[in-house]
Amino acid sequence: MGISGDIPGVGKASADAAIGAVAFMGSPPGWIDGASYFIFDTIVGIESLSKPLTDAMCSTSGNC
């Protein structure tokens with residue numbers, strides 16, 4: 001598969017590092033941005049944004 005299969009993972013890791021740096025050095029606005037990003041990532045999951053919405057709704061409702 002090569003490097004092309006790793007691009008989403010590299011992008012996610014880069015986004016995590018960038019948001020972490022903003023949260024660490026950004027004082028209260030940075031803390032809010034960082035907390036918002038990581039809470040969203042924990043609850044929703046950034047990876048779920050790359051799939052069709054119907055997949056997530058199917059797993060929630062059970063009407064697949």
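What separates aspartate 16 and lysine 12 in helix 1? In this predicted model, the two residues are 4 positions apart within helix 1, which spans residues 7-25, and the separation therefore amounts to about one helical turn. Their side chains meet in a salt bridge, with an N to O distance of 2.8 Å. The two partners fall into separate accessibility classes: aspartate 16 is partly exposed, with a relative accessible area of 23%, whereas lysine 12 has 16% relative accessibility and counts as buried, the cut-off for burial being under 20%.

The structure holds 2 salt bridges. Side chains of opposite charge can pair when their charged atoms come close. Besides the contact with aspartate 16, lysine 12 forms a salt bridge with the side chain of aspartate 41, at 2.7 Å from N to O. Aspartate 41 belongs to helix 2 and lysine 12 to helix 1, so this pair ties together parts that lie 29 residues apart in sequence. Both aspartate 41 and lysine 12 are buried. Lys12, Asp16 and Asp41 are thus linked in a network of salt bridges, with lysine 12 paired to aspartate 16 and to aspartate 41.

Aromatic contacts were searched for across the whole structure, and 1 aromatic pair was found. The pair consists of tyrosine 37 and phenylalanine 38, whose ring centres are 5.0 Å apart; the ring planes stand at 85°, so the arrangement is edge-to-face, a class that requires planes over 60 degrees apart. Tyrosine 37 counts as buried, at 16% relative accessibility. Phenylalanine 38, by contrast, is partly exposed, and its relative accessible area is 33%.

A nonpolar patch was also identified on the surface. Ile39, Phe40, Ile43 and Val44 make up this patch, which covers about 390 Å². One of its members, phenylalanine 40, is found in helix 2, a segment running over residues 27-43. Phenylalanine 40 has a relative accessible area of 35% and is accordingly classed as partly exposed. Helix 2 thus contains phenylalanine 40 of the nonpolar patch as well as aspartate 41 of the salt bridge to lysine 12 in helix 1.

Terms used. Residues numbered from 1 in each chain as written. Predicted model: local features only at pLDDT ≥ 70, side-chain atom pairs only at ≥ 80, totals over all residues. Heavy atoms only, no water. Phe/Tyr/Trp six-rings, centres within 6.5 Å; stacked < 30°, edge-to-face > 60°. Buried < 20%, exposed > 50% of the residue type's maximum accessible area, 1.4 Å probe, protein only. Patch = residues over 30% accessible without salt bridge, like charges linked within 9 Å, V, L, I, M, F, W, Y side chains within 5 Å. Areas by Shrake-Rupley, 256 points an atom, 1.4 Å probe, with all protein chains shown as cover. Salt bridge = Lys/Arg side-chain N within 4 Å of Asp/Glu carboxyl O.
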